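Me: I should like a close look at the surroundings of the ligands in this model. Please give a connected account, and then extend it to the elements and individual residues that deserve separate attention.

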Amino acid sequence: MREFGTEEKVIDEKLQGSATLLDRKEITPNGKKLYLESYGCQMNFSDSEIVASILSEEGYTTTRNSEDADVILMNTCSIRENAEQRVRNKLSQYNKRKKKNPSLVIGILGCMAERLKKDLLEQEKLVDLIAGPDAYRDLPNLIEEVNGGQKAVNVLLSREETYADIAPVRLGAGGITAFISIMRGCDNMCSFCVVPFTRGRERSRDPESIVKEARELYNNGYREVTLLGQNVDSYKWNITKKGEVIDATQPVVTFADLMEKVALVNPDLRIRFSTSHPKDMTDDVLHVMAKHENLCKYIHLPVQSGSSDVLKRMNRGYTREWYLNRIDAIKRILPTAFISSDIITGFCGETDEDHKETLTLMEEVGYEFSYMFFYSERPKTLAERKFEDDIPEELKKQRLYEVQTLQAKLSYAANERLVGTTCKVLIEGTSKRSDDFVYGRNSQNVTTIFPKDNFKPGDYVDVKITDFTSATLKGIALKS
Ligand code: SAH
Ligand code: SF4
Ligand code: F3S
């Protein structure tokens with residue numbers, strides 16, 4: 001087994017790794033097949049594309065069938081207990097396969113790897129390889145070690161790694177939409193959240209490399225990019241957290257500046273982003289969104305709770321009033337924007353009154369969409385150390401049900417209001433239910449289905465909305 005002793009060592013390896021990547025032009029397949037499975041957030045899916053790129057440089061080809069694989073890598077999530085449980089269940093299936101085929105390499109990447117580290121080797125005896133989110137350049141060496149008969153672990157977090165120079169291998173089908181990571185890590189320490197422990201310190205990626213990636217995607221036929229970070233509003237380049245400019249001869253780049261740069265790549269390239277943080281979202285970002293049509297009119301602004309008391313215990317850095325003020329700004333500057341949220345029910349000490357405040361806030365904002373969860377205590381977080389997980393699971397679930405029911409009503413009403421209007425839809429593919437229909441999303445991120453005619457993926461089509469459900473819009477294309 002091998003682990004790096006210092007971060008310095010990792011950076012050394014990292015630089016060597018990137019030199020190889022840049023120098024090598026032709027890749028000779030090594031005859032080995034890689035099966036990559038991703039769980040969790042978009043960031044993890046985006047990271048899997050970095051992993052595929054690093055290993056394809058070594059000659060691996062990716063397969064969509066795990067039965068064919070020589071190497072199975074699971075890129076995992078730790079956000080809630082059931083996320084980890086899903087991975088464990090799948091892992092035990094792969095382990096059975098390994099008993100029949102001992103040369104199969106099984107590795108755990110991502111947040112569970114980082115959270116559990118070597119414990120994973122003890123708990124899940126048949127894991128061969130463990131690599132945290134900042135250790136992917138080391139994967140070729142780690143696999144080699146496993147092939148040499150050892151277990152391999154690298155879970156060191158870095159303050160610099162952004163994988164800026166690695167061109168991701170696009171794993172998503174379709175070729176129209178893609179993710180671009182603009183930063184890594186999170187410095188926020190929300191008391192319920194494991195991400196700062198699994199992803200390390202926040203760092204932003206060089207804006208030029210982001211614009212270049214967007215341009216290349218556009219030239220390759222992509223028509224939508226989503227800029228990813230745990231807290232995109234705190235993106236910053238050439239300035240420290242304390243506000244000191246690093247190189248006075250170069251411009252400082254904020255998230256609003258970055259959005260503008262990417263918007264200018266081409267008016268036919270749509271741009272989305274995730275996730276905004278209410279404490280950091282400035283009006284500058286909203287004004288840039290208003291200025292460029294290709295910056296999609298959709299903001300995911302997770303509130304977590306409608307009660308200022310709960311927000312304080314969650315260490316979110318804002319109150320209900322502050323949040324509603326941000327919502328007012330969105331509605332004033334971007335009147336057509338759709339707003340979505342993340343909500344947690346049953347956080348430590350949540351009273352019936354607190355819960356009602358979440359419901360009234362949802363009504364007041366009128367969210368078009370939400371991701372909703374009941375609280376799951378995570379080891380080592382601030383909440384686990386400071387507060388009692390005192391809401392019975394049944395009550396957490398009851399409150400979740402109430403939140404979900406209200407959200408369904410709000411989503412239905414939002415889509416109903418769009419009937420009779422015309423939306424510009426970017427076609428992403430053929431509808432799964434019928435070959436005669438295509439699907440895409442409007443600027444506000446609502447999936448829209450309409451008859452195929454001669455349209456193809458990548459086309460922008462004006463669609464008149466004729467029907468809806470709480471999740472989708474249906475319509476007919478307006479011929480120009
Ligand atoms: N960076 C983003 C969210 C990352 S995690 C943000 O700050 O909004 C995605 C969502 O998972 C969170 O917004 C939260 O709603 C939920 N979540 C995080 N930790 C959780 C926990 N311990 N239990 C339940 N839900 C959790
Ligand atoms: Fe977690 Fe908060 Fe960071 Fe989001 S902002 S990743 S919820 S600590
Ligand atoms: Fe999960 Fe890690 Fe993302 S914990 S939500 S995969 S950052």
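Reply: The account below begins with the two ligands and then turns to a helix, to unusual backbone geometry and to three single residues. The model is predicted, and the description should be read with that in mind.

Around ligand 1 there are 15 residues, of which F192, Q230, Q304, D342 and S376 come nearest. By class, this shell divides into seven nonpolar, four polar and four charged residues. Two strands, β15 (338-345) and β16 (369-374), each supply at least two residues of the shell. Several polar contacts to ligand 1 can be described atom by atom. A polar backbone atom of F192 lies 3.0 Å from a nitrogen atom of the ligand. Q230 likewise takes part through its backbone, with an N or O atom 2.8 Å from a nitrogen atom of ligand 1. For D342 it is the side chain that is involved: one of its N or O atoms is 2.5 Å from an oxygen atom of ligand 1. Taken alone, ligand 1 exposes 540 Å², and the protein buries 90% of that area.

Ligand 2 is surrounded by C186, N188, M189, C190, F192, C193, V195, P196, Q230, H277 and R316. These residues divide into seven nonpolar, three polar and one charged. F192 and Q230 belong to the surroundings of ligand 2 and are also among the residues that come nearest to ligand 1.

One member of the shell around ligand 2, M189, has an unusual backbone. Its phi is positive, about 60 degrees, although M189 is not a glycine. Most residues other than glycine have a negative phi. M189 is placed in the loop between β8 (183-184) and α7 (195-199). With a relative accessibility of 34%, M189 counts as partly exposed.

K380 offers a second case of positive phi, about 75 degrees, again in a residue that is not a glycine. K380 lies in the loop between β16 and α14 (382-386), and β16 is one of the strands that supply residues to the shell around ligand 1. The relative accessible area of K380 is 57%, so this residue is exposed.

Another backbone feature is the cis peptide bond that joins S274 and T275, with omega at about 10 degrees. Most peptide bonds are trans. T275 is found in the loop between β13 (270-274) and α10 (283-291).

Helix α8 spans residues 207-219. Its 13 residues reach 18 Å from the first C-alpha to the last, close to the 18 Å expected at 1.5 Å a residue. At the start of the helix, a side-chain oxygen of D206 comes to within 2.9 Å of the backbone nitrogen of E208. The buried residues of α8 are P207, S209, I210, V211, E213, A214, L217 and Y218. They pack against the strands β7 (177-181), β10 (224-228), β11 (236-237) and β12 (253-254), and against helix α9 (255-263). After α8 comes G221, which has a positive phi near 100 degrees.

Three further residues can be considered by their environment. T448 has its place in strand β19 (residues 447-451). Its relative accessibility is 0%, and T448 therefore counts as buried, the limit being under 20%. The side chain of T448 reaches the backbone oxygen of V446 at 3.0 Å. Not counting residues up to four places away in sequence, T448 touches V425, V438, Y439, G440, N442, V463, I465 and L473.

S66 is found in the loop between β2 (61-62) and β3 (71-76). At 12% relative accessibility, S66 also counts as buried. Its side chain makes a polar contact of 2.9 Å with the side chain of R97. Apart from neighbours within four places in sequence, S66 is in contact with Y35, I72, Y94 and R97.

D467 belongs to strand β20 (residues 460-468). Because its relative accessibility is 38%, D467 counts as partly exposed. Its contacts, leaving aside neighbours within four places in sequence, are with L473 and K474; L473 is also touched by T448. The C-alpha atom of D467 is separated by 8.8 Å from that of N415, a residue 52 places away along the chain.

Definitions and conventions
Residues are numbered from 1 along each chain as its sequence is written. Chains are lettered from A and ligands numbered from 1 in the order in which they are written. This is a predicted model: local features need pLDDT of at least 70, side-chain atom pairs count only at pLDDT 80 or more; totals for chains, interfaces and linings use all residues. Side-chain values use heavy atoms; hydrogens and water are left out. Helices (H or I, at least four residues) and strands (E, at least two) are DSSP runs, numbered from the N terminus. The expected span of a helix is 1.5 Å times one less than its number of residues. Buried means under 20% relative accessible area, exposed over 50%, partly exposed in between (1.4 Å probe, protein chains only). Contact means heavy atoms within 4.5 Å. A polar contact is a pair of N or O atoms within 3.5 Å; within protein, one must be able to donate a hydrogen and the other to accept it, and residues adjacent in sequence count only if both atoms are side-chain atoms. A residue is near a molecule or strand if one of its heavy atoms lies within 4 Å of it. Accessible areas come from the Shrake-Rupley method with a 1.4 Å probe; for residues, only the protein chains shown count as cover. Ala, Val, Leu, Ile, Met, Phe, Trp, Tyr, Cys and Pro count as nonpolar, Asp, Glu, Lys and Arg as charged, and the others, Gly among them, as polar.
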